[in-house]
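Subject: Structure for you to look at

Hello,

Here is the structure I said I would pass on. Please open it alongside this email, as the notes below follow it place by place.

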Amino acid sequence: MSHHGRLLAMAQENNVPLDVSIELTHHCNFRCRHCFIPDFKAPDRLTTERVLTLLDELVEMGTLNLTLTGGELLLRQDWLVVAQRARRLGFALRLFTNGALIDEDTAAAIQGLNAVVEISLHAMREEVAAKITGRKGTLEKTLSGIEILRQRGVEVVLKTPAQLENRKELAAIAAYAAEIGASHQVYGTILPKKDGDLGPIDVRLPQSELKALLLPVVEGGFTLDLEAPLCAAASRFCAINSEGDVLACNILPGSGGNLRDRSFREIWEGSPWLNRVREIRAKDLHTCNICDKLAYCGRCHAQAFLEHGDLYGPSSYARERAEVIESIRLEKQAEGA
């Protein structure tokens with residue numbers, strides 16, 4: 001096991017919140033069809049002072065990797081104050097944004113942070129981007145933001161949620177990323193909204209198209225430790241929303257507690273809800289615990305809960321994806337033999 005792998009395993013075993021995502025705002029200038037945020041008007045209840053204090057608490061808890069996100073992160077007026085404090089405290093910092101609000105001044109500020117910037121890029125054609133984001137003119141603004149950052153040498157990761165509207169755009173986005181020296185990540189898992197609205201899953205790719213998407217990233221062999229946590233949620237990862245709720249992950253409903261009246265440590269160590277999530281093992285699942293595809297599905301408690309209302313039940317879409325991954329791995333194993 002690599003040093004990084006050992007670090008992750010140690011954090012998972014000891015419930016160290018190694019990776020934390022802070023959603024500074026629900027507000028967004030896009031209205032993407034696949035987005036899981038149900039209410040863009042929800043107030044941002046964490047004050048600047050409380051967020052800065054939270055950063056100190058996370059240092060004490062052993063957090064190394066910090067993500068600042070939204071909504072659209074740059075709509076929060078104090079995002080830079082928070083980001084600068086995070087870097088002074090030594091966090092490895094990532095900023096999630098759609099890029100449309102990045103101008104020269106913003107790029108200069110980001111350059112000074114030495115942070116990684118992850119930007120959602122949905123298409124290389126305006127008409128496709130507009131359909132996905134629900135806003136006209138978004139592509140030009142996003143591309144401008146990306147290129148300003150790259151001109152300043154900022155590390156940029158382009159992320160593309162593959163879906164029905166942009167499935168023919170993926171090669172063009174990958175070529176663009178290579179041209180400007182950015183990384184590119186494609187993912188095909190589109191989830192319901194956090195309030196259970198199933199609308200976003202209408203744009204999912206069908207199983208018949210998943211194989212081409214997953215083929216480059218699936219390795220040949222895989223084993224499942226039945227006694228280990230099935231995901232990082234509430235064990236080495238957590239998310240904090242702009243209302244101050246400490247969540248097991250970005251999308252799983254249910255709060256461990258609110259930071260406006262309790263410390264992070266109190267919530268992380270004492271929440272019955274977080275303890276319940278982090279203690280889930282394969283044996284606790286029904287249906288999934290006897291499924292021969294469990295090792296391949298990348299078990300996501302939130303996906304199962306949002307799709308079918310059962311934290312311990314299956315996700316039909318995850319089963320489809322698992323079938324594709326299993327077929328790819330078996331083919332690669334055969335090639336290796």
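I start with R6, which lies in helix 1. This is a predicted model, so please read everything below with that in mind. With a relative accessible area of 41%, R6 is partly exposed. Its side chain makes a polar contact with the side chain of H3, at 2.5 Å.

Next is the loop that follows. N15 sits between helix 1 (3-14) and strand 1 (19-23). Its phi is positive, about 55 degrees, although N15 is not a glycine. Is N15 buried, exposed or partly exposed? Its relative accessible area is 29%, and because the partly exposed class runs from 20% to 50%, N15 counts as partly exposed.

N15 also leads to another part of the chain, since it is one of the residues touched by S235. S235 is in the loop between helix 8 (207-214) and strand 7 (237-240). Leaving aside residues up to four places away in sequence, S235 touches A11, Q12, N15, V16, P17, W268 and R278. The relative accessible area of S235 is 1%, which puts this residue in the buried class. A polar atom of the S235 side chain lies 3.0 Å from the backbone oxygen of A232.

A234 belongs to the loop between helix 8 and strand 7 as well. This residue is not a glycine, yet its phi is positive, at about 70 degrees. A234 is buried, with a relative accessibility of 0%. If you check backbone angles, N15 and A234 are two places to look at.

A third backbone point concerns the peptide bond between G70 and G71, which is cis, with omega about 25 degrees. G71 is found in the loop between strand 2 (65-69) and helix 3.

The remaining notes are on helix packing. Two packed helices are described by the angle between their axes and the distance between the axes.

How do the axes of helix 2 and helix 3 cross, and at what angle? The axes of helix 2 (residues 48-61) and helix 3 (residues 79-88) come within 10 Å and cross at roughly 15 degrees. Because angles under 35 degrees count as roughly parallel, helix 2 is roughly parallel to helix 3. The crossing of these two helices is right-handed. On the helix 2 side the contact is made by T48, V51, L52, L55 and D56, and on the helix 3 side by V81, V82, R85 and A86. Sorted by class, the residues in this contact are six nonpolar, one polar and two charged.

The other pair is helix 5 (residues 126-133) and helix 6 (residues 138-151), which pack at an angle of about 100 degrees with their axes 8 Å apart. Angles of 65 to 115 degrees count as roughly perpendicular, and helix 5 and helix 6 are therefore roughly perpendicular to each other. Which residues meet here? From helix 5 they are E126, A129 and T133, and from helix 6 they are T138, L139 and E140. This contact has two nonpolar, two polar and two charged residues.

Regards

Technical notes: Residues numbered from 1 in each chain as written. Predicted model: local features only at pLDDT ≥ 70, side-chain atom pairs only at ≥ 80, totals over all residues. Heavy atoms only, no water. Axes fitted to C-alpha atoms, helices over the stretch in contact; angles between N-to-C directions. Helix = DSSP H or I, 4+ residues; strand = E, 2+ residues; numbered from the N terminus. Parallel < 35°, antiparallel > 145°, perpendicular 65-115°, else oblique. Left-handed = near helix turned anticlockwise from the far one by under 90°. Contact = heavy atoms within 4.5 Å. Nonpolar A, V, L, I, M, F, W, Y, C, P; charged D, E, K, R; others polar. Buried < 20%, exposed > 50% of the residue type's maximum accessible area, 1.4 Å probe, protein only. Polar contact = N/O pair within 3.5 Å; in protein donor to acceptor, adjacent residues only side chain to side chain.
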